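These are my notebook entries on one protein model. I set down what I looked up, entry by entry.

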Amino acid sequence: MKNFRLYNIVVGWISFLIAAIVYMLTIEPTASFWDCGEFIASAYKLEIGHPPGAPFFMILGRFFTIFTGSPENAAKMVNILSGLASAFTILFLFWTITHFVRKIVIKADKDYSTGNIITILGSGLVGALAYTFSDTFWFSAVEAEVYATSSLFTAVVFWAILKWENESDRKYANRWIILIAYLIGLSIGVHLLNLLAIPAIVFVYYFKKYPVTKKGVFYALLISGILLGSIMYILIPGIVKVASWFDLLFVNGFGLPFNSGTIFYVAVLISLIIWGIKYTQRKGKVVFNTIILGMTVVLIGYSSYAMIIIRSSADPPMDQNNPDNAFDLLYYLNREQYGDRPLFYGQTFDAPMVDNKKTKPVYIKKGGKYIIADHKIEVEYDDRFTTLFPRMYSPDNNHVNEYKKWSNLDGDEITVNSRGGQVEKRIKPSFGDNIGFFIRYQVGHMYFRYFMWNFAGRQNDIQGHGNVLKGNWLSGIPFIDNARLGDQDLVPEHLKNNPARNEYFMLPFILGLVGLFFHYKKQKYDFTIVLMLFILTGLAIVVYLNQYPLQPRERDYAYAGSFYAFSIWLGLGVAGLIDLLSKKAPKVMSASLVTLITLILVPGIMASENWDDHDRSGRYTARDMAYNYLNSCKENAILFTNGDNDTFPLWYAQEVEGIRTDIKVCNLSYLRAAWYIDQMSRKSYESEKLPFSLTYEQYHKGNRDILPIYDRVGQAVDVKDVMEFIASDDPKTKIKSPFVANETINYIPTDKFKLQINAEDVLKKGIVSEKYADRIEDKMEWSFGQRYLYKDGLMLLDMLATNNWERPIYWAMTVSSSKYFNLQKYFKVDGLTYQLVPVLAENERFYSGEVDSDVMYDNIMNKFRWGGIEENDIYFDENNIRMFSNLRSSFGRLAEKLIKENKRDSALRVLDRCMELFPDHKIPYNNTLISVISAYYHAEAYETADDLVQKLSDKVSVELDYYFSLDPKYMIGTKDMSKEKQLNLYILQELYKITADNNQIEKAKDIELRFMNYMQLYNSY
């Protein structure tokens, strides 16, 4: 027994060490894309990230960054936090598996034989290492996201309840319950996923303490649901909600400072807790004492959110939602900026709105009081279009088209009267349609596909939306893969060579199934516990998230807990195989042989297959792209961004590494929120506040959120006059609201705008260089081209009216054209940004703006950094490749401009540099190569251009041959690959045009022949 305990500890730490070494070797050395840059920045300077926040993760991250030595290493240290948290998760997974296996094979001390010890430890090692090398968990382990730390909390609380179960001295067993409660409280400050372990914990308690009956199981389910719901929907928001009541009373009723009521409330709460603990101790009420202690430590853990209010009150540069009081903290915790979605009952996608009803008041701080600025709006829908379990609810046209594909929609047509008085027919999906979409898309595509990535294999790292080419699971077993995805022998080699094409031959999946059935057969109660963890961290999340189609990124990280639970069964599968083999061979030999073989065939294959596409060492893409965005701007610039990947890396670069802090980075999607306008109205580092003329009273929440545009003037109006009209509170400048009854709102009386230009002034301020002096317009004129202007457009209009060209204004190239507000004809391309200048851009096919060759050449050839692509033969995933592919187009644009300016040698240097940086084996050739080929021809580098034409046309032809070889059943509905075919046909068409225009007659004929043949095939479909 003692020897086993030692072996269990030692082998557990070996599994930890293996995981830690793997993650440290493959960790990204700086910030990654998506939320990572924001998390690192919030940890480094204790700033406020996106709702609902992760204050405990922020504190842990800050602790790790203390040891950085220099700001450049801060990101790596937070990444190391994720790596170590993941390695500790593996440690506790090992001990969890050995706990379950030991309960099966050890019935008395005499059973601690060598064979049984090898069985227990081998099962733990195989299961733990399989999870170590699993796709989803490894991905989260090497970047600064919350999911690795959240996984650790899940692993520890699940292990802790098993320690409670094993506690020999039952008198002190409840200490484990208190520890679990504290860890759950702490985990709230990382991610709420950990709460989903509560029902499994309740069942461990029930199976240990009470005889199992149907009635008892029902009550255990009920209690676990109540506990989970109470923490999620009562405790977490409720504590803050009551605090807001106290603060409203103390501030508005007693005239005390903001947060005084919150402080009083916290003091009362602490006093009541202390009294309750002492009272229950004195009266000997053990159960009530334990409950109060448990709630107390949950609150102690949850108190990490005090950091959010404290730091927000300091107005840091990154202060999302500005939650510096109880009202705003409640808004922040409830993630209200992201909107709501129906869950068990609600509207379907075609539901007409019947009414907008005002509900709860929205309070803001003003003049030392809380005032009601607005009311939350509850949209009422036509009852005929509501249903149970609404899965298809988004009215977005792109989503509706996908709903129809995924569900084979067969809904009812209902006649409705529109607001304009017209009669129209709308579709109501049936309950069966919703279930169909739930099963095919939400479960099949957005959960089971990810599950199989981890335990069967993965096709590639390209985000998939249903067709047979992208992002599917793949086993490596021909008859399985061919039936689902078409003949895999026909797949082009360059697609097969994707580093993320990982084939496990379903061995982890099969071993997990063996463990699942073995567990059920040997320990039904323990099986039920793991099953609950598996379902609640998997399918229950699917139901809760209710995801719409065309998600912006893959969401497998949300289900890591479910894959953790399956890894327990995977480990138990080893014990199951040993149990089977030991009937035919000695136990020691069976245990040793099965352990060795499964180690090689499961975690061994997974490590071998996954290493190349999980090794991020040497990759600096996100940081360097941020550097390039910022250094595409002039001094003291304003830079508009819009999404996660053109904003969070820039925040990281400025907040952590101090890169170009003179620039004000402004996210247009946030600029609709008053709290963000407040933030942009403050100086940060060397960057002055944004030039807004509207005051807080004029733009706060509920005021000028959306402005109708009516052309009542018939001609362009100066933006300064427009802003004066919008800012007015004169009733003559308002109209009846088309959104809320019995209200008036401001509006815009013209759809055409102009801005007068002083040429001498813009030249003097350096907005426009001398070479454009004779092209400066007397005035800029444009129209927004939309019926309504939201607050982001309003604040941009305000800046244009107020800035007086004191600061250069830029858009990041990645910003959607819908956010250009029709100003792109005045864009100048400087690198990765468009600068707004009072110069009409020369028209370029497919492109916005006009290239400034002098500035862009200096940026691309001398200033920009390239994410490690030059120095390292490293893995770039789809996101990185897309970034670099877009840059390839920029190189081509610059070269064309240089050729037009008779700078052929410079153009060739640019093109050669492009091909040096982005060869086919690193950044695969695609449509972005077209501009490069065209420029090579125009620079008279015919041999190079011909070679690239041949390579690209051959590649496209191979892909089209594959597409047209597929059976039509693989091309319908969600599997439709029309876009892929059309893109490749477009590439051939462009290559034909380029070669023909440049007198490459033979090549043009060859490409034309290919194109016509493929078009014939395309039309036949």
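Where is Q337 found? I located Q337 in the loop between helix α14 (326-333) and strand β1 (345-347). I took helices (H or I, at least four residues) and strands (E, at least two) as DSSP runs, numbered from the N terminus.

**Entry: basis of the values**

I note that this is a predicted model, in which local features need pLDDT of at least 70, side-chain atom pairs count only at pLDDT 80 or more, and totals for chains, interfaces and linings use all residues. Residues are numbered from 1 along each chain as its sequence is written, and side-chain values use heavy atoms, with hydrogens and water left out.

**Entry: Q337, continued**

I asked next whether Q337 is buried or exposed, and found it partly exposed because its relative accessibility is 26%. The cut-offs I used are under 20% relative accessible area for buried, over 50% for exposed and partly exposed in between, with a 1.4 Å probe and protein chains only. Leaving aside residues up to four places away in sequence, Q337 touches P51, N321, Y331, Y670 and W675; contact means heavy atoms within 4.5 Å. I also looked up A673, which is 336 residues from Q337 along the chain, and the C-alpha atoms of the two are separated by 8.8 Å.

**Entry: Y305**

I found Y305 in the loop between α12 (286-302) and α13 (306-313). Y305 has a relative accessible area of 5%, so I entered this residue as buried. Which residues does Y305 touch, not counting those up to four places away in sequence? I listed P52, G53, P55, I188, G189, L329, Y332 and L333. For one of these, P52, I noted the spacing: P52 and Y305 are 253 residues apart along the chain, and their C-alpha atoms are separated by 9.9 Å.

**Entry: N628**

I placed N628 in helix α24 (residues 621-630). Its relative accessibility is 0%, and N628 therefore counts as buried. Beyond residues up to four places away in sequence, N628 touches L832, F864 and R865.

**Entry: the six-stranded sheet**

In what order do the six strands of the open sheet with mixed pairing stand? I read the order as β10-β9-β18-β20-β19-β21. Strands β10 (664-667) and β21 (850-851) stand at the edges with a single partner strand each, so one side of each has no neighbour in the sheet. I counted two strands as paired if DSSP finds at least two bridges between them.

I then followed strand β20 (residues 833-836). Strand β18 (residues 809-812) runs antiparallel to β20 and is joined to it by three bridges, with A812 opposite T833. Strand β19 (residues 827-829) is likewise antiparallel to β20, with three bridges. In this pair I found F827 opposite L836 and V829 opposite Y834. Three residues lie between the strands of the β19 and β20 hairpin, where G831 takes a positive phi near 160 degrees.

In a regular strand the side chains alternate between the two faces of the sheet. In β20 both faces are covered: T833 and Q835 are buried on one side, and Y834 and L836 are buried on the other.

**Entry: the three-stranded sheet**

I found an open sheet of three strands, in the order β12-β15-β16, with mixed pairing. Its edge strands are β12 (717-718) and β16 (779-782), each of which pairs on one side only. Strand β15 (residues 753-756) is antiparallel to β16 and shares four bridges with it; F753 stands opposite W782.

**Entry: the whole protein**

I closed with the overall values. The protein has 37 helices and 21 strands. Of its 1021 residues, 58% are buried. Among contacts with a separation of 6 or more, 74% are between residues 24 or more positions apart.

Why did I enter the radius of gyration as agreeing with that of a compact globule? With 1021 residues such a globule would have a radius near 31 Å, and the protein has 31 Å. The radius is taken over C-alpha atoms, and the globule rule is 2.2 Å times the number of residues to the power 0.38. Along the principal axes, the C-alpha atoms fill a box of roughly 95 × 80 × 65 Å.
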